[in-house]
Every structure is written in structure tokens, then in C-alpha cells.
Protein chains: 2
Amino acid sequence: MKKLINDPEAVTTEAVEGFVLAHPDLVTQLDQLVVARVGGAVRGKVGLVSGGGSGHEPLHAGFVGVGMLDAAVPGAMFTSPTPDPIVAATRAADGGAGVLHIVKNYTGDVLNFETAAELADAEDIEVATVIVNDDVAVEDSLYTAGRRGVAGTVLVEKIAGAAAERGDDLAGVLAIAQRVNAGVRSMGVALSACTVPHAGKPSFELAENEIEIGIGIHGEPGRRRIPMASADEITDLLLDPVVEDLGLASGEHVLLLVNGMGGTPASELSIVYRHARRRLEEQGVVVDRSLVGNYVTSLEMQGASVTVLRLDDELTALYDAPVSTAALRWGL
Amino acid sequence: MKKLINDPEAVTTEAVEGFVLAHPDLVTQLDQLVVARVGGAVRGKVGLVSGGGSGHEPLHAGFVGVGMLDAAVPGAMFTSPTPDPIVAATRAADGGAGVLHIVKNYTGDVLNFETAAELADAEDIEVATVIVNDDVAVEDSLYTAGRRGVAGTVLVEKIAGAAAERGDDLAGVLAIAQRVNAGVRSMGVALSACTVPHAGKPSFELAENEIEIGIGIHGEPGRRRIPMASADEITDLLLDPVVEDLGLASGEHVLLLVNGMGGTPASELSIVYRHARRRLEEQGVVVDRSLVGNYVTSLEMQGASVTVLRLDDELTALYDAPVSTAALRWGL
């Protein structure tokens with residue numbers, strides 16, 4: 001294992017420390033492993049908190065800032081954070097209008113955020129929760145009952161963040177988050193596995209000429225392994241189930257997100273995007289907004305995922321609203 | 001070789017096509033393989049053109065937009081573009097105030113940009129050229145006489161782009177670009193090699209426990225190969241020669257850029273940043289601005305580079321000026 005790390009057990013704490021040092025205008029670190037928006041909670045604004053195992057950077061700390069999250073809770077590598085730091089983040093994000101927890105659908109995350117919500121409630125902080133489950137690859141999986149939450153999480157965070165910023169109340173922000181989750185689907189592919197530092201070896205094995213379609217962001221098994229194919233063929237295998245599950249019809253407007261798993265050259269993401277966009281357009285679907293890059297990664301895994309979000313005028317406007325975070329920034 | 005590509009010979013053209021499709025608000029593609037700022041040249045503004053072999057994305061097309069480049073010329077993978085598309089880009093960038101060519105110091109690039117400048121001159125477009133050579137690792141190298149141009153190029157493009165945007169004339173923009181190049185130094189490390197698609201095999205071999213200090217962005221040999229070490233030790237090996245070559249003194253202000261080579265997890269870049277920043281601060285150097293991410297890559301190579309730019313008030317203000325490109329965006 002060759003990695004730019006010191007102690008395998010200290011990767012998360014050192015990485016968070018470095019991240020916060022690099023972005024003093026955006027974030028600050030609380031006592032616990034919590035990254036919060038600089039300046040503290042915004043009075044009267046619904047607070048947004050997300051978190052989960054580390055190793056998926058820039059998710060979630062990279063999305064803390066104006067227009068997105070108020071606080072993020074990075075767990076250990078690929079491991080849910082415990083309730084304590086989630087409560088601390090919830091407290092930090094609370095401006096008196098309640099807090100939305102954005103939780104990817106993994107058993108540990110769901111459980112720990114649930115406990116944290118109860119603890120916050122005991123402190124008179126109102127918490128609502130949206131569970132993100134956009135991955136169409138499999139029902140149930142390692143660590144998950146139902147569908148997994150993957151790259152669609154970024155869009156929930158962006159759009160719900162904009163709703164909070166414009167002054168929606170907690171029920172309103174929750175409704176927007178749920179609408180995004182209801183309209184977003186993803187599927188991914190792995191060309192190679194990643195190595196969790198404290199494990200020291202790849203989390204699964206792929207043969208020389210083999211790829212895995214429907215991979216999870218922790219290397220959980222996907223739909224099937226197939227021989228290496230062309231980018232266009234692979235893109236079809238990812239996009240088609242997404243489009244089908246969404247029930248997309250000609251004339252609909254969407255956001256297309258091509259997400260890199262961490263070890264994929266930008267040029268390859270552009271090639272996947274190119275084909276996915278063309279295929280959507282051939283079906284009469286209008287690609288109104290696009291995002292191409294590393295947003296929800298799996299350490300240095302090579303691969304990509306394709307995400308489609310059904311847009312309407314309101315969601316488009318919220319997506320376009322100004323945002324200033326380490327990983328997404330425009331209009332500010 | 002597992003890559004998300006179709007035809008190995010078509011990687012660059014397909015990737016550029018996808019890139020342009022994804023960013024219609026920022027860029028457009030000319031007839032040739034040229035990516036230009038949408039809306040065309042800005043009347044009276046000095047135009048900025050850069051280019052070079054592909055495989056280093058987001059460099060250069062990812063930096064086309066307001067406040068940075070007016071046009072970029074992606075060559076074939078790791079191969080300089082020929083003079084023709086450089087001339088086309090120069091023409092597209094010319095708003096009547098002349099054009100600055102920003103050229104990384106590789107023999108092919110220098111030669112082809114020189115020829116293009118002569119051809120542009122024959123069309124009465126005034127061209128000035130800055131050669132970027134920030135890599136302190138080696139004097140002379142494969143493809144290079146003198147020092148190589150690497151991640152510092154992004155800072156030349158950003159800061160010179162801001163100078164052009166505020167209305168400096170060609171001599172003024174050139175002087176700013178030269179000042180940035182004079183004050184910026186970089187050095188990189190490879191943990192793994194990358195594979196150029198049409199070559200089909202890794203461009204060099206590293207043993208299981210071996211890394212290369214001072215690597216070039218095309219995998220050119222660096223200073224030496226050493227056994228794998230800790231992130232902090234490796235960071236010292238990159239930062240110390242940079243600081244020494246710059247002659248940095250206590251009390252000076254700098255920008256610190258930790259650049260990923262393409263296949264490095266974000267968490268590892270944060271760990272490198274953390275140590276580099278601390279070490280600079282121990283020496284009394286003030287880190288005023290920071291940039292951490294994949295900016296000048298080498299396909300899927302695992303590794304990173306450390307870049308330090310000496311700042312003064314003017315360069316800091318120009319760096320802070322609004323920019324709107326695919327890979328760097330703030331204030332707009």
C-alpha cells in the first residue's frame with residue numbers, strides 16, 4: 001500500500017485538520033470531528049447537517065459553506081460517525097429554526113443520526129431527516145437496507161441548502177430535500193478497487209480485464225462483473241437503469257452529474273458525460289444543468305457514476321442559487 | 001489497461017467535446033481542437049492563450065473563462081499542439097490589444113508556440129510569450145531544456161488573467177506573468193505511474209514500495225527513487241527544495257498550492273497540505289492563500305506536488321479577483 005499518509009489510524013483527523021487549515025474563510029473545526037460553517041449558525045435559518053464515513057471527499061466537509069451545509073460530521077474511514085459529534089454539529093447548525101439531517105441510506109448512518117436527533121430533541125432543537133437513497137444498482141446491500149445513498153446526496157445538499165438560504169422553514173426545506181431525493185437516481189462502475197488505509201489491502205479484487213457495474217461507494221457488490229468494455233457501452237449500462245427507474249419521458253428537463261470515484265482522469269469523465277448527454281438528448285430529454293468531477297469518491301477507486309435529477313423551474317433556480325463551499329462555488 | 005475510453009486515438013477529441021458540452025456557459029469549441037471563451041474575444045482586453053499536451057486536465061481548458069484564459073489548445077495526449085490550432089486560438093483571443101502566450105517549458109511547446117507567434121505576427125496580432133519553468137526538481141529533462149513547467153502554470157494563468165481583466169496592456173500583463181513565474185516553485189512525487197491510452201502500458205515502473213521524488217508531469221525522471229515514506233517526510237522532501245530555491249525568508253507571504261496528480265484521494269492532499277503549511281509557519285512564512293486539489297494532473301497518476309508562490313499585495317489582489325472557469329471559480 002502506497003499512500004500519502006502518516007499513521008493509518010490518523011488519516012481522518014489529519015485530513016480534516018488540513019482541510020480546515022486550507023479553507024479558513026469557509027469552515028472551522030469544533031472540538032470534536034465536526035466541520036462547521038465559519039461564523040456559526042445563521043439566526044432564523046434552517047441548519048443543514050450531513051455526515052458519514054470519510055473516504056468520499058469532498059463529501060461532506062467540502063460542501064460546508066454559504067448555500068449548502070452548516071456543518072459536516074466526518075466519521076472514520078468508511079465508518080459512520082457516532083451520535084455525539086452529530087449532536088455537536090446539530091447544535092452548531094441550529095439558528096433557532098431547526099436542523100435538517102441529510103443522511104445517506106446506510107444502516108450505521110441512519111441509526112446514529114436517529115439517536116443524535118433524539119438527543120438534540122432533548123435539547124429542544126427540532127430535527128427533521130431526509131434519507132438519500134438514489135443508487136438504483138441494488139435493493140439491500142452490505143451495510144444497507146433498501147437502496148444506497150450515493151452521488152445524488154450532493155444535489156440534495158445543494159438544493160435544500162438553497163431553500164434554507166432563501167428562508168424556507170424546516171418543513172419546507174425537508175419537502176424540497178425529499179423532492180430532490182424522489183427525482184434523483186444514480187449508478188456507478190468500478191474499474192479498480194480502493195484500499196482503506198487501516199485495512200492495508202484492496203477492499204475487493206477485480207481481474208485484469210474485469211469491471212463491476214453497480215458498485216457501491218464502499219466497494220459493496222454491484223449488479224454484476226463484466227469484461228472491460230468501451231466507455232460508451234459502460235455509460236449505457238449505467239444510464240439506462242437510471243432513466244428507466246426515473247421513468248423519464250421525452251421533453252423532461254434534467255441535471256446530469258458524472259461523478260468520478262477518485263482515481264479517474266478528468267478526460268475519462270468528460271468522455272462518459274459526452275455519451276450520457278447524447279443518449280439523453282436522443283430520447284428527447286433536455287439536459288439543462290451539468291456537473292462533472294469528483295464529488296462523492298471512494299478514495300482512489302477508478303470508476304465513475306452517472307446521476308440524473310429531474311428538474312422543474314423551482315429546483316433549477318435553487319440549484320443556480322449562489323453557493324460558496326470548498327468543492328462547489330458560484331455566484332459568490 | 002482499464003480506462004473509460006472508446007478509441008485510444010480519440011481520447012482527446014472526445015474528452016474536449018464532452019468538456020465543452022458540459023460547460024456551455026463558459027466555453028465553446030472552434031473548428032480545430034481549440035477551446036475558447038464563450039462570446040469571443042473581449043474588445044480592448046489582452047487575450048490569454050495557453051495549451052499543451054492533454055492528460056493534465058483541468059489544465060488548460062478548465063481555466064478558460066472570465067478572469068483567466070481566453071482560449072486553450074489541447075494537444076494530443078502528452079504531446080504539444082501544432083502551430084495551426086495555436087494560431088487559431090490566438091486569433092480567437094485577440095481583442096485588438098495583443099495576446100499573451102503562456103507556455104510550459106517543454107521543447108515541443110516552446111517551438112510550436114514560437115512558430116504560432118510568428119504566424120500571428122504576420123496577421124498583425126501582437127504576441128508576447130511567458131515561459132513557465134517552476135519545477136525545481138531537475139535542470140534539463142526528457143522533452144525539456146532548463147526547468148520544466150508544472151503546477152505553477154495555474155497561478156500564472158490566474159494572476160495574469162486578472163491583470164488582463166483589469167485593463168493592463170500587453171507589456172503589463174507580460175510583466176505580471178513574469179513576476180509570478182519568477183516567484184513560484186514546485187516539486188512533485190509519484191507513487192504510481194500513469195498509462196497513456198495509445199501506449200497501453202504504464203509510462204514507467206515503480207517497485208511495490210518505491211516512489212519517485214521530483215517526477216515530471218509526463219512521468220519524466222525526477223531526482224531519485226526512495227522507499228515509501230510517511231506523508232510528512234515526503235512533504236519535506238518536496239517543500240524544502242522549493243523554499244530553498246525561492247530563498248524564502250521569515251515574514252514573507254506566500255500562496256501554498258498542493259496539487260494532486262489525478263489519482264490521489266482528496267484526504268491525502270489535505271494531509272500533505274497540513275504538514276507543508278505547518279513547516280512554512282515554523283519558518284515564519286505566512287500562508288495567505290491556499291489551493292488544494294487536482295489542477296495539473298498526469299492522468300491517473302498517484303502523487304502530488306507542492307507549489308509555493310511569493311505574494312505581494314498586488315499579486316494577492318489579482319489572485320483574489322473574480323474568476324469563472326470550470327476548475328476555478330469565485331466572485332462571479
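User: Before we examine the strands of this predicted model, what is required for two strands to count as a pair?

Analyst: Two strands pair if DSSP finds at least two bridges between them. In general, the strands of a sheet pair through backbone hydrogen bonds, either parallel or antiparallel. Here, strand β5 (residues 99-104) of chain B and β6(B) pair in the parallel sense over six bridges. Within this pair, Val99(B) stands opposite Val127(B) in β6(B).

User: In what order do the strands of the open sheet in chain B lie?

Analyst: The open sheet of chain B has six strands in the order β1-β2-β4-β3-β5-β6, with mixed pairing. β1 (27-29) and β6 (127-132) of chain B stand at the edges with a single partner strand each, so one side of each has no neighbour in the sheet. From one strand to the next, the twist averages 25°. Helix α3 (residues 107-122) of chain B packs on this sheet and touches β3 (47-54), β5 and β6 of chain B.

User: How should one read the packing of helix α5 of chain B against helix α8 of chain B?

Analyst: Two packed helices are described by the angle between their axes and the distance between the axes. For α5 (residues 170-182) and α8 (residues 313-320) of chain B, the angle is about 105° and the axes are 12 Å apart. α5(B) is therefore roughly perpendicular to α8(B). Ile176(B), Arg179(B) and Val180(B) of α5(B) make the contact with Glu314(B), Leu315(B) and Leu318(B) of α8(B). The residues of this contact comprise four nonpolar, no polar and two charged.

User: How are chains A and B related?

Analyst: Two copies of a chain are related by a rotation about an axis and a shift along it. Here, a turn of 180° and a shift of 0.0 Å along the axis lay chain B on chain A with an RMSD of 0.0 Å. The two copies are thus related as by a two-fold rotation axis.

Methods. Residues numbered from 1 in each chain as written. Chains lettered and ligands numbered in written order. Predicted model: local features only at pLDDT ≥ 70, side-chain atom pairs only at ≥ 80, totals over all residues. Heavy atoms only, no water. Least-squares fit on C-alpha atoms with pLDDT ≥ 70 in both. Axes fitted to C-alpha atoms, helices over the stretch in contact; angles between N-to-C directions. Helix = DSSP H or I, 4+ residues; strand = E, 2+ residues; numbered from the N terminus. Parallel < 35°, antiparallel > 145°, perpendicular 65-115°, else oblique. Contact = heavy atoms within 4.5 Å. Nonpolar A, V, L, I, M, F, W, Y, C, P; charged D, E, K, R; others polar.
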